[in-house]
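Q: Could you pick one part of this structure and take me through it closely? I'd like a connected account, with the residues named as you go.

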Amino acid sequence: MLNNPVKAKIRAGEAAFGTICPLPSPEVVEIIGVAGYDCVLIDLEHGPLDVETVQAMGRACRATGIVPLARVPDANPKTILRMLDSGCLGVMVPQIETPEQAADVVAACRYPPAGRRSLAGNTVAAGWGIVPAADHVAASNDAVLSIVQIETRRGLDAVEKIVRTPGLDMIFIGPNDLSTSLGHPGQMRHPEVQEAIRRILRAAKEAETLSGILALEPQDVETYRPQGAGLMLDSIGRLLLRAAQAQVKGLRDAAARVAAPGRS
């Protein structure tokens with residue numbers, strides 16, 4: 001039976017931590033799980049992944065006890081359906097700009113009467129048919145996280161309405177695209193961008209909608225957690241690069257401090 005510890009954790013007022021993974025690798029997901037993250041966001045928007053790979057990565061999540069989420073490239077309900085049937089316990093849809101778009105995402109994530117998701121019993125999500133259909137529908141509708149990203153000026157302008165979309169679980173802020181849309185590409189700490197982030201988090205809190213944001217450093221958690229952000233995601237690509245850079249620098253520095261064999 002499906003359950004979503006990340007959704008439960010955030011609803012209980014705790015923070016959940018995950019990493020965005022655009023790499024088509026179940027092994028990387030296993031390492032993420034062993035490292036102690038709560039979830040992984042399998043990124044089909046920016047990564048070269050297909051449904052078969054997503055299903056394998058979801059298996060690695062279950063093996064290490066972390067929650068698989070998927071960021072899809074668009075709000076196509078069939079794309080969302082395939083991610084959920086593959087065992088993902090939440091779907092994030094980028095660049096949502098209207099309440100109507102958010103409502104379509106919710107409908108794609110929920111079985112009737114709460115939504116329009118198509119039911120198939122012989123899927124990973126349904127335990128390959130071992131779970132009775134009625135039980136699977138109820139469990140899935142409760143467990144799945146419907147997440148929309150606010151990352152454009154149009155989305156920001158409509159955020160107070162978007163967060164009140166019936167059935168919507170979470171608003172997630174994309175600071176990179178948001179900063180670009182506001183005219184400050186990559187300047188996530190620009191005052192206008194920070195004010196926009198505060199507005200989004202405030203709107204979510206007032207509507208009692210969950211919220212999340214990119215958190216690349218502990219400083220980001222210290223900034224956004226008091227404003228209500230519950231889901232904090234970093235990037236596995238960035239982490240790998242930083243760790244490799246530090247390792248190479250350390251090795252080269254060590255070599256520079258010692259004499260090579262045969263030299264005085």
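A: Happy to! Let's begin with a working rule: two strands count as paired if DSSP finds at least two bridges between them. With that in hand, strand 7 and strand 8 (residues 231-235) qualify, as three bridges join them in the parallel sense. Please keep in mind that this is a predicted model.

Strand 7 (residues 210-214) is the part to look at closely. On its other pairing, strand 6 (residues 170-173) runs parallel to strand 7 and is joined to it by four bridges. You can locate both pairings by residue: Met170 has Leu210 of strand 7 as its bridge partner, while Ile213 stands opposite Met232 in strand 8. In general, the strands of a sheet pair through backbone hydrogen bonds, in either a parallel or an antiparallel way.

Now for the side chains. In a regular strand they alternate between the two faces of the sheet. Here Leu210, Gly212 and Leu214 lie on one side of strand 7, with Ser211 and Ile213 on the other, and both faces are covered. Buried means under 20% relative accessible area. Five of the five residues of strand 7 are buried, so the strand is largely enclosed by the rest of the structure.

Next, the setting of strand 7. A closed barrel of eight strands runs in the order 1-2-3-4-5-6-7-8, with parallel pairing. Ignoring direction, neighbouring strands of this sheet are turned by 25° against each other on average. Elsewhere in the barrel, strand 1 (residues 16-21) runs parallel to strand 2 (residues 39-43), with four bridges between them. In that pairing, Cys21 stands opposite Ile42 of strand 2.

Helices complete the view of that region. Helix 3 lies across strand 1, strand 2 and strand 3 (67-71), and runs at about 175° to strand 2. The axes of helix 3 (residues 51-64) and helix 2 (residues 26-35) come within 8 Å and cross at roughly 25°. Angles under 35 degrees count as roughly parallel, and these two helices are therefore roughly parallel to each other. Helix 2 passes helix 3 in a right-handed crossing. Where they meet, helix 2 contributes Pro26, Val29, Glu30, Gly33 and Val34, and helix 3 contributes Ala56, Met57, Ala60, Cys61 and Thr64. The residues of this contact divide into seven nonpolar, two polar and one charged.

Terms used:
Residues numbered from 1 in each chain as written. Predicted model: local features only at pLDDT ≥ 70, side-chain atom pairs only at ≥ 80, totals over all residues. Heavy atoms only, no water. Axes fitted to C-alpha atoms, helices over the stretch in contact; angles between N-to-C directions. Parallel < 35°, antiparallel > 145°, perpendicular 65-115°, else oblique. Left-handed = near helix turned anticlockwise from the far one by under 90°. Contact = heavy atoms within 4.5 Å. Nonpolar A, V, L, I, M, F, W, Y, C, P; charged D, E, K, R; others polar. Buried < 20%, exposed > 50% of the residue type's maximum accessible area, 1.4 Å probe, protein only.
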